[in-house]
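Subject: Handover of a protein model

Dear colleague,

Please find below the structure that I am handing over to you. My notes on it come directly afterwards, and I would be grateful if you could read them alongside the coordinates.

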Amino acid sequence: MKVLVTGGAGFIGSHAVAALVERGDDVVVLDNFDPYYDPAIKRSKLNPAAALVEGDLRDPTAVSRALEGVDAVLHLAARAGVRASIEHPALYVDNNVSGTQRLLDGMAAAGVKTLVYASSSSVYGARTDGPFHEDDPLRHPESPYAATKAAGELLCHAASRTTALRVTCCRLFTVYGPGQRPEMAIHLFARRALAGQSIPRFGAGLSSRDYTFVADIVRGLLAALDRPVAWRVVNLGSAAPVTLNGLLDAIGRSFGVPIRIEQLPDQPGDVPSTWADTGRARTELGWEPRVSLGDGLITFRHWLVGQRG
């Protein structure tokens, strides 16, 4: 199978490309090396076995080139970051919504019929109950980023009805692991803890997240690629939410360092909890998470310490 991975030089994308190459698929990467964080980090993740089309989803010519001869698309490209989306909402709409529609247009023109779209747990909005099931009504988004991911799902659904596209939308829950973006919580906290610096804690530390190891996420994405259906939404998460305070304690244990807290007020855009119901993924994809938070943090520690030399 020949697979196009949009955002294939990013955190999750580079892991997905490696897994596809390892199992023998032909892979094309479409990435614009957006400067949201250092593009050199992304370039260092490029897999030499994958073909690269350097370009933007909003450029129909680049999309058309990337789709040549492709059987399926794993759509991971997006402008990421909840707080940055509050500062630049129009930029997020342009990248994540318009970019997704341009990809769908290109797929229709090229006759590519299988898509796995990386959505986000943020579409569930601000909830304190759980677990979150795919058929739950979606509440109002708490950030422009969340709104763009929900809009992407709607565009994918419309394409499934009007162009016979087979789509699985995977709602990803707080992904972490080697290669994680430097501003993401676990990477930021661990780096500061190793340097003996205080860790910013927003609020009382009682918010909870369903931290999910990147290798588990990639297995789920590939399972969705291999089991296309006309339309499906599926959660990919650990199904084991942990509070922020619990995460900080786990980082301290895994890295063997004391944790010093810098107390800060709650931030806009943050949700109180995420918690995945993974029953559908287990039934329809034969998938379930395997890596515990403790084991994942140890793997992440080995990677981070190696990066520091």
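The notes below begin with the chain as a whole and then turn to individual residues.

Please bear in mind throughout that this is a predicted model.

Overall architecture

The protein chain contains 11 helices and 13 strands. Its radius of gyration is 19 Å, close to the 19 Å that the globule rule gives for 309 residues, so the chain is as compact as a globular protein of that length. Along the principal axes, the C-alpha atoms fill a box of roughly 55 × 45 × 40 Å. Of the 309 residues, 51% count as buried.

With regard to contacts between residues at least 6 apart in sequence, 81% join residues that are at least 24 apart. The accessible surface of the chain comes to about 13,000 Å², and carbon and sulfur atoms account for 53% of this surface. As to charge, there are 32 positive and 32 negative side chains, and the centres of the two sets lie 2 Å apart.

Aromatic pairs

A pair of aromatic rings is described by the distance of the centres and the angle of the planes. The count for this model comes to six aromatic pairs. One of them is formed by tyrosine 124 and phenylalanine 132, a tilted pair with 5.0 Å from centre to centre and 50 degrees between the planes. Phenylalanine 132 also forms a tilted pair with phenylalanine 173, with the centres 6.4 Å apart and an angle of 50 degrees between the planes. Phenylalanine 132 lies in the loop between β5 (114-120) and α6 (144-162), and phenylalanine 173 in the loop between β6 (166-172) and β7 (175-176), so this pair ties together parts that are 41 residues apart in sequence.

Ring pairs thus link Tyr124, Phe132 and Phe173 into a cluster. Are the members of this cluster buried or exposed? Tyrosine 124 is buried, with a relative accessible area of 0%. The value is 0% for phenylalanine 132, which is buried, and 0% for phenylalanine 173, likewise buried.

Two arginines and a methionine

Arginine 171 is found in strand β6 and is buried, with a relative accessible area of 3%. Leaving out residues up to four places away in sequence, arginine 171 touches a set of residues that includes Tyr124, Glu134, Glu153 and Asn235. Tyrosine 124 of the ring cluster is therefore also one of the residues that arginine 171 touches. Arginine 171 and tyrosine 117 are 54 residues apart in sequence, while their C-alpha atoms are 8.5 Å apart in space.

Arginine 79 is found in the loop between β4 (72-75) and α4 (82-87). Its relative accessible area is 15%, and arginine 79 counts as buried because the cut-off is under 20%. Apart from neighbours within four places in sequence, arginine 79 is in contact with Asp34, Tyr36, Leu91, Tyr92, Asn95, Asn96 and Tyr145. Arginine 79 and aspartate 59 are 20 residues apart in sequence and 15 Å apart in space, C-alpha to C-alpha.

Methionine 184 is found in the loop between β7 and α7 (185-194). Its relative accessible area is 19%, which places methionine 184 among the buried residues because the cut-off is under 20%. From C-alpha to C-alpha, methionine 184 and serine 292 are 19 Å apart in space, with their positions 108 residues apart in sequence.

Backbone geometry

Most residues other than glycine have a negative phi, and most peptide bonds are trans. Where does the model contain a cis peptide bond? Such a bond joins glycine 130 and proline 131, with omega at about 5 degrees. Proline 131 lies in the loop between β5 and α6, and phenylalanine 132 lies in that loop as well.

Two residues deserve mention for their phi values. Threonine 174 has a positive phi of about 35 degrees although it is not a glycine. Threonine 174 is found in the loop between β6 and β7 and is partly exposed, with a relative accessible area of 26%. Alanine 239 has a phi near 60 degrees, again a positive value in a residue other than glycine. The place of alanine 239 is in the loop between β11 (231-236) and β12 (242-243); alanine 239 is partly exposed, with a relative accessible area of 32%.

With kind regards

How values were computed: Residues are numbered from 1 along each chain as its sequence is written. This is a predicted model: local features need pLDDT of at least 70, side-chain atom pairs count only at pLDDT 80 or more; totals for chains, interfaces and linings use all residues. Side-chain values use heavy atoms; hydrogens and water are left out. Helices (H or I, at least four residues) and strands (E, at least two) are DSSP runs, numbered from the N terminus. The radius of gyration is taken over C-alpha atoms; the globule rule is 2.2 Å times the number of residues to the power 0.38. Buried means under 20% relative accessible area, exposed over 50%, partly exposed in between (1.4 Å probe, protein chains only). Contact means heavy atoms within 4.5 Å. Accessible areas come from the Shrake-Rupley method with a 1.4 Å probe; for residues, only the protein chains shown count as cover. Lys and Arg count as positive and Asp and Glu as negative; His and the chain ends are not counted. The place of a charge is taken as NZ of Lys, CZ of Arg, CG of Asp or CD of Glu. Rings of Phe, Tyr and Trp (its six-membered ring) pair if their centres lie within 6.5 Å; planes under 30 degrees apart count as stacked, over 60 as edge-to-face and the rest as tilted.
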